Every structure is written in C-alpha cells, then in structure tokens.
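Me: I should like to learn how the features of a protein model are read. Could we proceed step by step?

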Amino acid sequence: MAITLKAYADSGLTTELLKLSVNQKVDGSTGPVDTVIYIGSVEASKKFEAATSPGVDQIVLSIADANPGDGHEATEVKLALSSGGLDSATAGSSLNLGTQLLSGVANALPVHVRVQDATATLGVSTELSLATNNLQELSV
C-alpha cells in the first residue's frame with residue numbers, strides 16, 4: 001500500500017506538488033524565491049512514522065535530484081519549519097519534521113522553501129522533487 005503522506009502547494013491539501021518549481025529571471029536578478037508547501041494527507045485517521053524505530057526516529061524531508069550535475073542542484077534549496085529558519089538553514093540539507101505526523105487538513109505541516117537559482121537558464125526545470133525517509137502509515 002502506498003503512503004498517502006504527500007507534498008501540496010496549498011494548506012487545504014488540494015493541489016499535490018510533484019516537482020519543485022519557481023520562476024526566476026534569466027539574468028539572476030530575481031534573487032532567492034521563498035514559498036511555503038504543505039506536508040499532509042487527506043486520508044482520515046492516519047498516523048505516519050519512520051519505518052525504522054517508529055515514534056522515535058524523525059520523519060525526514062529531503063530534496064531529491066533526478067539529474068545531479070545537470071540543471072538545478074539540491075544545494076540551491078533550503079528547507080525550514082518557519083520563514084525565519086530559512087536564513088540559518090543549510091542549502092541542500094534535509095529537514096526533520098518530527099517523530100510522527102497525523103493526517104487531515106487541520107494537521108497539514110507548513111514547510112518553508114527557499115530556492116536560489118544558480119543556473120541563470122530560462123525554462124522549466126523538473127529534476128528536483130521532495131522525498132522522505134521510509135515511512136509507515138497506521139490507522140488511528
């Protein structure tokens with residue numbers, strides 16, 4: 001059974017986010033672009049924990065790069081649990097989300113994302129996505 005915990009573009013968990021994308025000017029003048037995504041599940045009465053040491057190990061969110069060395073790199077992306085946390089976040093590093101997450105729109109977890117384009121290339125880049133460590137989904 002597939003895990004129903006996903007990334008969404010909105011707090012209502014209606015628009016699933018399959019790839020990270022931001023608009024940047026080709027001359028690099030845009031600077032960093034900050035956005036908020038939401039981690040959650042629309043399934044009722046579910047709990048998510050790390051598959052290893054459930055309830056003890058962290059649920060970890062990371063940036064996955066389908067084509068390292070080509071296009072954007074994971075090191076262009078910062079993740080944080082608050083907008084203020086983006087300033088001290090390390091680009092390319094994963095983010096601990098806690099030892100458990102609960103399903104439902106009310107429990108959607110906002111994750112702040114900052115993308116600093118290093119490519120200065122016009123176009124849509126689709127090689128970056130979000131990934132978690134192995135999780136288990138339980139009914140509660």
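**Reading strands, burial, cavities and salt bridges**

Reply: Let us begin with one residue: Asn96 is found in strand 6. Please bear in mind throughout that this is a predicted model.

Me: Is Asn96 buried, partly exposed or exposed?

Reply: The class follows from the relative accessible area, where the range between 20% and 50% is called partly exposed. Asn96 has a relative accessibility of 43%, and therefore counts as partly exposed.

Me: With which residues is Asn96 in contact, leaving aside its neighbours within four places in sequence?

Reply: Asn96 is in contact with Gln58, Ile59, Val60 and Leu81. A separation in sequence may also be set beside one in space: Asn96 and Thr132 lie 36 residues apart along the chain, and their C-alpha atoms are 9.7 Å apart.

Me: How should the sheet be read, and what is its strand order?

Reply: In general, the strands of a sheet pair through backbone hydrogen bonds, in either a parallel or an antiparallel sense. Here an open sheet of three strands runs in the order 6-4-9, and the pairing is antiparallel. Strand 6 (95–96) and strand 9 (128–132) are the edge strands, each pairing on one side only. Between strand 4 (residues 60–65) and strand 6 there are two bridges in the antiparallel sense. As a point of register, Leu61 stands opposite Leu95 of strand 6.

Me: How is empty space inside a model found, and how many cavities of 30 Å³ or more does the search find?

Reply: Rolling a probe the size of a water molecule over the atoms shows where empty space is left. In this structure the search finds one cavity of 30 Å³ or more. The largest cavity has a volume of about 30 Å³.

Me: Which residues line the largest cavity?

Reply: The lining consists of Leu5, Ile39, Gly40, Leu101, Leu102, Asn107 and Leu109. Strand 2 (33–40) and strand 7 (101–102) each contribute at least two of the lining residues. By class, the lining divides into five nonpolar residues, two polar and no charged.

Me: What is the idea behind a salt bridge, and how many are counted here?

Reply: Side chains of opposite charge can pair when their charged atoms come close. The count for this structure comes to four salt bridges. In one of them the side chains of Glu16 and Lys6 meet at 3.7 Å, N to O. This pair links distant parts of the chain, with Glu16 in the loop between strand 1 (6–8) and strand 2 and Lys6 in strand 1, ten residues apart. Glu16 is partly exposed, at a relative accessible area of 38%, and Lys6 is partly exposed at 33%.

Me: Where do Arg114 and Asp34 lie, the pair that meets in another salt bridge?

Reply: Their side chains meet at 2.7 Å, N to O. Arg114 is in strand 8 (residues 109–115) and Asp34 is in strand 2, so that the pair links parts of the chain 80 residues apart. Arg114 is buried, with a relative accessible area of 16%, whereas Asp34 is partly exposed at 42%. Salt bridges that share partners join Asp34, Asp87 and Arg114 into one network.

Me: Finally, why does Glu49 count as buried?

Reply: Buried means a relative accessible area under 20%. Glu49 counts as buried because its relative accessibility is 7%. Glu49 is found in strand 3 (residues 46–50). Its contacts beyond four places in sequence include Pro54, Ile59, Thr99 and Leu138. Glu49 also forms a salt bridge with Lys47, with the closest N and O atoms 3.6 Å apart.

Note on methods. Residues are numbered from 1 along each chain as its sequence is written. This is a predicted model: local features need pLDDT of at least 70, side-chain atom pairs count only at pLDDT 80 or more; totals for chains, interfaces and linings use all residues. Side-chain values use heavy atoms; hydrogens and water are left out. Two strands pair if DSSP finds at least two bridges between them. Helices (H or I, at least four residues) and strands (E, at least two) are DSSP runs, numbered from the N terminus. Buried means under 20% relative accessible area, exposed over 50%, partly exposed in between (1.4 Å probe, protein chains only). Contact means heavy atoms within 4.5 Å. On a 1 Å grid over the protein atoms alone, a cavity is a set of points where a 1.4 Å probe fits but cannot get out, and a pocket is an open set with protein on both sides within 12 Å along at least five of seven lines; lining residues have an atom within 4 Å of a point. Grid points are joined across faces, edges and corners, and a volume is the space filled by probe spheres set on the points. Ala, Val, Leu, Ile, Met, Phe, Trp, Tyr, Cys and Pro count as nonpolar, Asp, Glu, Lys and Arg as charged, and the others, Gly among them, as polar.
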